[in-house]
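Let's take a walk through a protein together, starting from the whole chain and then stopping at a few interesting spots. Keep the 3D view open as you read.

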Amino acid sequence: MPVHSLKKKDSLMAEPSVTRENVPYEIAFWMCVVAFLMLVIYVKITEVLHLHWIFVVYSVAVATLTVARYVFFMLYKPTLRHSGENVPTIQVIVPCWNESKKVYLTAKSIYKSRYPKDKLRITIVDDGSTDDTGIWLSKASESFGCNVITLEQNSGKRKAIQTALEESESEVTVLIDSDVQVSKNGLLEIVRGFSDENIAVVCGNTGVSNASRNLLTRMQEMYYYLSYRLFRSAESHFKTVVCCAGSFSAYRTDVLKEVASDNWVEHQFLGTRRTYGDDRSLTRMVLAKGYDTVYQPHANAATFVPEDLGSFINQQSRWRKGYLFEALMASTHMWKRPFGAAVLFYLSLFLVMMGPIVMLYC
């Protein structure tokens, strides 16, 4: 074949890749155009209906935040270490309390993962369980070589993590909830997120194991999808994930020890030691020290979500209290982060604070 024909063929083959690279930017552009046109129409409608300015401001803020999240989600491209690079030593810490067989399944998924066994250490902390969790932990220790630490009384998740962290000598510490199962490549993928020295935390992608149980679990599956795939991707575009979930996240051990020693276990609110929002608290303290936090969409795991309304409400109550407290604390330093990250954060907090006012007004 003539040389000029080869060159022509190569150029034709190269064009689609350039087009694909530009696709996210084109979609983001047209999303902004459509959003602007819809905003103009909305403003005209508010003039006709004579809506109160508080409602108008709130509605525009909701629309702006929604569009911004989708735009930055489209633009986010995770920067990862090459899969062939040497992997760091890791310690996986699994705090548990009355989880019975679930914690055994968690340990099994970690052990069965493709992470090199000579660089993997599994530590499970039994936080004073009163059911048969101890029996399953003994089985996990025998079958998978897990290091089991037993606390005499229930002291909270923060104390359990700190206790295991005291003996950690690994380069990376992975925190996993006791009802989570990681995929075969989950651990290998999550350490790939440490693509530069300033990245201190990598948040994995958590799905739902029991989504098919009922309508409530299917709704939570969608919530998890949006929370990770959309929200955390948008935040990760600026390397500022504001909550690296406790279900599956990896930390540089030296940074984790640094923030966990800063009175983290003894945090109080109105004189009561806080036992909620541990993951948000750790992430906030890491960001406050100037480190970056990112989301790794290819590091997969799955958790069990509440199957009845009472358990779901209790869970959401803990999460909302943790969000509100930590968001107010983070508001003192989030302005130091990249501009886009600060806009997403403060706009979200503004909407949360304005929500009750708008509801009362309506």
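Helices and strands here are DSSP runs, with at least four residues for a helix and at least two for a strand, and they are numbered from the N terminus. Keep in mind that you're looking at a predicted model. Using that numbering, you can find Ser168 in the loop between helix H5 (157–165) and E4.

Before we zoom in on that loop, take in the whole thing. The protein has eleven helices and ten strands. It is 362 residues long, and 46% of them count as buried. About 19,000 Å² is exposed, and carbon and sulfur atoms supply 60% of that. Now think about contacts between residues with a separation of 6 or more: 82% of them link residues 24 or more positions apart.

Back to Ser168. Is this residue buried or exposed? Ser168 has a relative accessible area of 2%, and the cut-off for buried is under 20%, so it counts as buried. The side chain of Ser168 makes a polar contact of 3.3 Å with the side chain of Ser170. If you skip residues up to four places away in sequence, Ser168 touches Gln91, Thr173, Thr253 and Lys257.

Let's follow one of those partners, Gln91. You'll find Gln91 in strand E1. Gln91 is buried too, because its relative accessibility is 1%. Its side chain has a polar contact of 2.7 Å with the side chain of Thr123. Leaving aside neighbours within four places in sequence, the residues in contact with Gln91 include Arg121, Ala164, Ser168, Glu169 and Val174.

One name there, Ala164, takes us to helix H5, where Ala164 is among the buried residues. The others are Arg158, Ala160, Ile161, Thr163 and Leu165. What do the buried residues of H5 pack against? They pack against strands E1, E2, E3 (147–151) and E4, and also against helices H8 and H9.

Those two helices deserve a stop of their own. A pair of packed helices is described by the angle between their axes and the distance between them. The axes of H8 (residues 253–260) and H9 (residues 278–288) come within 10 Å and cross at roughly 105°. Angles of 65 to 115 degrees count as roughly perpendicular, so that is how H8 and H9 sit relative to each other. On the H8 side, Val255, Leu256 and Val259 make the contact, and on the H9 side it's Leu282, Met285 and Val286. Sort the residues of this contact by type and you get six nonpolar, no polar and no charged.

Next, go to the loop between E1 and H3, home of Asn98. Most residues other than glycine have a negative phi. Asn98 is not a glycine, yet it has a positive phi of about 50°. Ser100 is found in the loop between E1 and H3 as well, and its phi is positive too, at about 55°. Asn98 counts as partly exposed because its relative accessibility is 24%.

The loop leads on to helix H3 (residues 101–111), where the buried residues are Val103, Tyr104, Thr106, Ala107, Ser109 and Ile110. Among the elements they pack against are E1, strand E2 (120–127) and helix H4 (133–144).

For a last stop, look at Lys77, in the loop between helix H2 (53–75) and strand E1 (90–96). Lys77 is partly exposed, because its relative accessible area is 45%. Lys77 and Ala234 are 157 residues apart in sequence, and their C-alpha atoms are 10.0 Å apart in space.

Conventions:
Residues numbered from 1 in each chain as written. Predicted model: local features only at pLDDT ≥ 70, side-chain atom pairs only at ≥ 80, totals over all residues. Heavy atoms only, no water. Buried < 20%, exposed > 50% of the residue type's maximum accessible area, 1.4 Å probe, protein only. Contact = heavy atoms within 4.5 Å. Areas by Shrake-Rupley, 256 points an atom, 1.4 Å probe, with all protein chains shown as cover. Polar contact = N/O pair within 3.5 Å; in protein donor to acceptor, adjacent residues only side chain to side chain. Axes fitted to C-alpha atoms, helices over the stretch in contact; angles between N-to-C directions. Parallel < 35°, antiparallel > 145°, perpendicular 65-115°, else oblique. Nonpolar A, V, L, I, M, F, W, Y, C, P; charged D, E, K, R; others polar.
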